[in-house]
Amino acid sequence: MTRPRVFITRVIPEEGLALLRDACAIDLWEDELPPPYDILQRRAAEADGLLCLLSDRIDAALLEAAPRLRVISQMAVGYDNIDVSACTARGLPVGHTPGVLTETTADFAFALLMAAARRIPEAERYARAGRWKTWGPTLLLGRDIYGATLGIIGMGRIGQAVARRARGFAMRILYTDRAEVPEAAILGAEYRPLESLLAESDFVSLHVPLTPETFHLIDARALSLMRPTAILINTARGPVVDHTALYEALTGGQIAAAALDVTDPEPLPPDSPLLALDNCLVVPHIASASVATRGRMAVMAAENLLAGLRGERLPHPVNPEVFDRRR
Ligand code: DGY
């Protein structure tokens, strides 16, 4: 029996690849950079299954050119790079990797919060540059985390995991979401409308998916509501923050600092003004990047892909309605 052909758009952890090797004929894109769109489109057109990443644009034109595709499996929880409605319209299941990266991502959001509050990257650059002359009473003063107010925007799985960490630091926890979240009360988090949350928080951490509703949620007006001592942490998606407004806020003293795991665009160009700011910490979208979690994500992505190739319901579908329609 001929094995289904799958296009995998980057080398993923071996645990995931091993699951696919026996069952599929693998076309693996081995470059560090994503396949250019025309190549992605061409290779997807030759495949029965596509395992992709958040840096691959999966749009209606790509699907149009790939009638053979039976499943798309994204190795990420977010899927704003995929035109899911176009997939659903074609009855094409899309899988993703929710849950497995929650704690790892929350760890990292908290690490960014602490690093920005205590100016760790700046202090490290200072020491390495040979500028450390003595213990200084006013040297590199940061902000306290213990007892401060944390505002969580998006109280889903990751937002709640961040709240659990904040409890260990005796933080006052505020959150906002489309509606009140029952689990939040157990975590001692109080609901606030967005504007009040921005005004009351010492730290604001973003945990919303990128949708038309959350695009530039943090714009000039939102930043103007924040405290001049506040720190913004983004481990969600870059375009949730208006970067031009952020630059103005960071240089104009409207907020104290930002820590960004995600940016718009990704990567930031080397001449991005944000990269020149001491009060803006930028890292390359690595919140879920622990050995164990990336391994689990690869396995989940492989399992979604294999289920789709067998014509079964994906264990973690983004558009479960395609299966309901098949019944
Ligand atoms: C996701 O999964 O959406 C993250 O951004 C990458 O792990």
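## A ligand, two helices and some unusual backbone

Let's start at the ligand: one of its oxygen atoms has a polar side-chain atom of serine 288 2.6 Å away, which makes a polar contact (a pair of N or O atoms within 3.5 Å; within protein, one must be able to donate a hydrogen and the other to accept it, and residues adjacent in sequence count only if both atoms are side-chain atoms). The protein covers 90% of the 230 Å² of accessible area that the ligand has on its own, with areas from the Shrake-Rupley method and a 1.4 Å probe.

Before we go on, keep in mind that this is a predicted model, where local features need pLDDT of at least 70, side-chain atom pairs count only at pLDDT 80 or more, and totals for chains, interfaces and linings use all residues. Residues are numbered from 1 along each chain as its sequence is written, and side-chain values use heavy atoms, leaving out hydrogens and water.

Back to the ligand. Arginine 237 puts a polar side-chain atom 2.7 Å from a ligand oxygen, and histidine 285 has one 2.7 Å from a ligand oxygen too. Leu54, Ala76, Val77, Gly78, Leu101 and Met297 are also among the residues around the ligand, counted when a heavy atom lies within 4 Å. Sorted by class, this shell has 5 nonpolar, 3 polar and 1 charged residues. Here Ala, Val, Leu, Ile, Met, Phe, Trp, Tyr, Cys and Pro count as nonpolar, Asp, Glu, Lys and Arg as charged, and the others, Gly among them, as polar.

Now look at helix H1 (residues 14-23) and helix H12 (residues 291-309): they pack with their axes 6 Å apart, at an angle of about 25°. H1 and H12 are therefore roughly parallel to each other, a label for angles under 35 degrees. On the H1 side, Glu15, Gly16, Leu19, Leu20 and Ala23 make the contact, and their partners in H12 include Gly295, Ala298 and Leu306; contact means heavy atoms within 4.5 Å. The residues of this contact divide into 8 nonpolar, 2 polar and 2 charged.

Finally, the backbone. Most residues other than glycine have a negative phi, and most peptide bonds are trans. Arginine 119, in the loop between helix H5 (102-117) and helix H6 (120-128), has a positive phi of about 55°. In the loop between strand E11 (257-260) and strand E12 (280-282) sits proline 265, joined to aspartate 264 by a cis peptide bond with omega of about 0°. Proline 267 lies in the loop between E11 and E12 as well, and the peptide bond to it from glutamate 266 is cis, with omega near -10°.

Methods:
Axes are lines fitted to C-alpha atoms, for helices over the stretch in contact, and angles run from 0 to 180 degrees between N-to-C directions. Helices (H or I, at least four residues) and strands (E, at least two) are DSSP runs, numbered from the N terminus. Angles under 35 degrees count as roughly parallel, over 145 as roughly antiparallel, 65 to 115 as roughly perpendicular and the rest as oblique.
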